[in-house]
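This report describes the metal sites, the nonpolar cores and selected loop residues of one structure. The sequence and the three-dimensional model are shown below.

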Amino acid sequence: MSQTTPYQPVLLRLLHGAIALLVFAALITGFMVYDRFDKRFGTLNLPIVPNTQGIHGTIALTFLVLLPLFALYCFHIGSRRLVQPQSLVQLKEFNKPIWWVSLQRLTNTIMLLSATFAVITGRMMKEEWLPSKELNHVWYIGHLISWVLMILAIAMHLLMSAKVGGFPLLISIYNWKVRSEDMPKSWFKGFKLNPSSKTLLIFEILVIGGIAIAFVLPALSPQ
Ligand code: HEM
Ligand code: HEM
């Protein structure tokens, strides 16, 4: 590892790696579902893969289960990488290095919000809608919007990380090097039960509350 490559904690690398893989898989399989049944906004006419909805549903459900764990890590261990109370003030310091850092932290936080929106709208989808050409359900439109938001957020996330730390920061999250002190028994040492700021508490309520809603809402909504 070169001197300039930042070190990312193993727990972050594991959770973030799994989340990123599942998001890309959900984006691709979600698009395949759209491309098969909808096509209103353009199509790639991809070859038909049997049971695309089932494949997407399985990947998406795994994502839903992992998302709260990743979010808890981000809010209680990795909170310095998320929005800070002074971020709004710093966002006025246009084009200064701190402006980019604040924007990067804001983008990281937006990733969590977009993922939450995707899981809520996805959970409210019904498997029968698209095959029977019911393409205007509000949850489906919301779910399509979540796909666009996710792509935009990832683009911003990558651009901001590249701007702040360059290529070394981007690849640091996929580095295999492990420091001898970074072992499972020390992974939760930095865990802070209390939110690090009021601002983050609001975002945490939105994200964790949103994920909880995604779990229970389908059971509460009428068929
Ligand atoms: C064009 C994009 C997308 C389309 C057309 C789409 C379509 C669907 C459909 C039809 C379902 C219902 C499947 C079923 O009940 O078996 C679903 C569920 C779901 N989707 Fe998507 N999706 C897209 C993108 C995404 C993305 C980007 C994510 C997350 C990152 C996501 C997360 C979910 C979740 C969490 C579920 C609920 C799974 C479950 O409860 O079994 N989707 N989606
Ligand atoms: C190829 C894809 C990706 C790359 C290269 C990447 C890169 C990175 C890097 C380098 C960091 C650390 C930033 C720092 O140390 O300041 C980071 C953090 C973060 N990433 Fe990604 N990312 C990717 C995909 C994703 C996806 C799909 C999500 C979806 C939820 C995501 C959510 C986050 C969040 C929330 C953080 C902050 C973690 C914390 O609070 O500790 N990333 N990412």
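## The iron site of ligand 1

In this predicted model, the iron atom of ligand 1 takes its protein donors from two histidines, H56 (NE2) and H143 (NE2), which lie 2.0 Å from it. The site has 6 donor atoms, and the angles among them run from 84 to 179°, an octahedral arrangement. For six octahedral donors the ideal angles are 90 or 180 degrees. Because H56 belongs to helix α2 and H143 to helix α5, this pair of residues ties together parts of the chain that are 87 residues apart in sequence. H56 has a relative accessible area of 15% and is therefore buried, the limit for that class being under 20%.

The surroundings of ligand 1 comprise 21 residues, of which Q53, H56, A60, R123 and H143 are the closest. Several of these residues also place polar side-chain atoms close to atoms of the ligand. For H56, a polar side-chain atom is 2.8 Å from a nitrogen atom of ligand 1. For H143, an N or O atom of the side chain is 2.7 Å from a nitrogen atom of ligand 1. R123 is paired with another kind of atom: one of its polar side-chain atoms lies 2.8 Å from an oxygen atom of ligand 1.

## The iron site of ligand 2

The iron atom of ligand 2 is coordinated at 2.0 Å by H16 (NE2) and H157 (NE2). Around this iron atom, 6 donor atoms subtend angles of 87 to 180°, so the arrangement is octahedral. H16 is part of helix α1 and H157 of helix α5, so this pair joins parts that are 141 residues apart in sequence. How accessible are the two residues, H16 and H157? H16 counts as buried because its relative accessibility is 17%, and H157, at 17% relative accessibility, counts as buried too.

Ligand 2 is surrounded by 23 residues, and the closest are H16, G78, R81, H157 and L169. Oxygen atoms of this ligand take part in polar pairs with the protein. A polar backbone atom of G78 is 2.8 Å from an oxygen atom of ligand 2. Side chains contribute as well: a polar atom in the side chain of Q8 is 3.1 Å from an oxygen atom of ligand 2, and one in the side chain of Q104 is 3.3 Å from an oxygen atom of ligand 2. Within the protein, and leaving aside neighbours within four places in sequence, H16 is in contact with F70, H157, I173 and Y174.

## Nonpolar cores

In soluble globular proteins, nonpolar side chains tend to be buried together. In this model the largest nonpolar core holds 33 residues, and the members that touch the most others are V23, F63, L67, F70, F75 and L112. The elements that supply two or more residues to this core are α1 (10-37), α2 (52-76), α4 (97-123), α5 (138-172) and α6 (198-220). The largest share, 9 residues, comes from α2.

Which residues does L112 touch, apart from its neighbours within four places in sequence? L112 is in contact with F70, C74, F75, L82 and V207. Another core lies apart from the largest one; this other core has 9 residues, including V33, M125, L135 and L144.

## Loop residues

Most residues other than glycine have a negative phi. N45, which is not a glycine, nevertheless has a positive phi of about 45°. N45 is placed in the loop between α1 and α2 and has a relative accessible area of 54%, so N45 is exposed. The loop between α1 and α2 also holds N51, whose phi is near 60°, again a positive value in a residue other than glycine. N51 is exposed, with a relative accessible area of 52%.

K96 is located in the loop between α3 (87-90) and α4. Its relative accessibility is 45%, so K96 counts as partly exposed. Between K96 and I59, the C-alpha to C-alpha separation is 40 Å, while the two residues are 37 residues apart in sequence.

Conventions:
Residues are numbered from 1 along each chain as its sequence is written. Chains are lettered from A and ligands numbered from 1 in the order in which they are written. This is a predicted model: local features need pLDDT of at least 70, side-chain atom pairs count only at pLDDT 80 or more; totals for chains, interfaces and linings use all residues. Side-chain values use heavy atoms; hydrogens and water are left out. A nonpolar core is a set of buried Ala, Val, Leu, Ile, Met, Phe, Trp, Tyr and Cys residues joined through side-chain atoms within 4.5 Å. Buried means under 20% relative accessible area, exposed over 50%, partly exposed in between (1.4 Å probe, protein chains only). Helices (H or I, at least four residues) and strands (E, at least two) are DSSP runs, numbered from the N terminus. Contact means heavy atoms within 4.5 Å. Donors are N, O and S atoms within 2.8 Å of the metal (3.2 Å for Na, K and Ca); water is not among the atoms, so sites may look incomplete. Four donors count as tetrahedral if all angles lie between 85 and 135 degrees; four count as square planar and six as octahedral if opposite donors are over 155 degrees apart and all others between 65 and 115; anything else is irregular. A residue is near a molecule or strand if one of its heavy atoms lies within 4 Å of it. A polar contact is a pair of N or O atoms within 3.5 Å; within protein, one must be able to donate a hydrogen and the other to accept it, and residues adjacent in sequence count only if both atoms are side-chain atoms.
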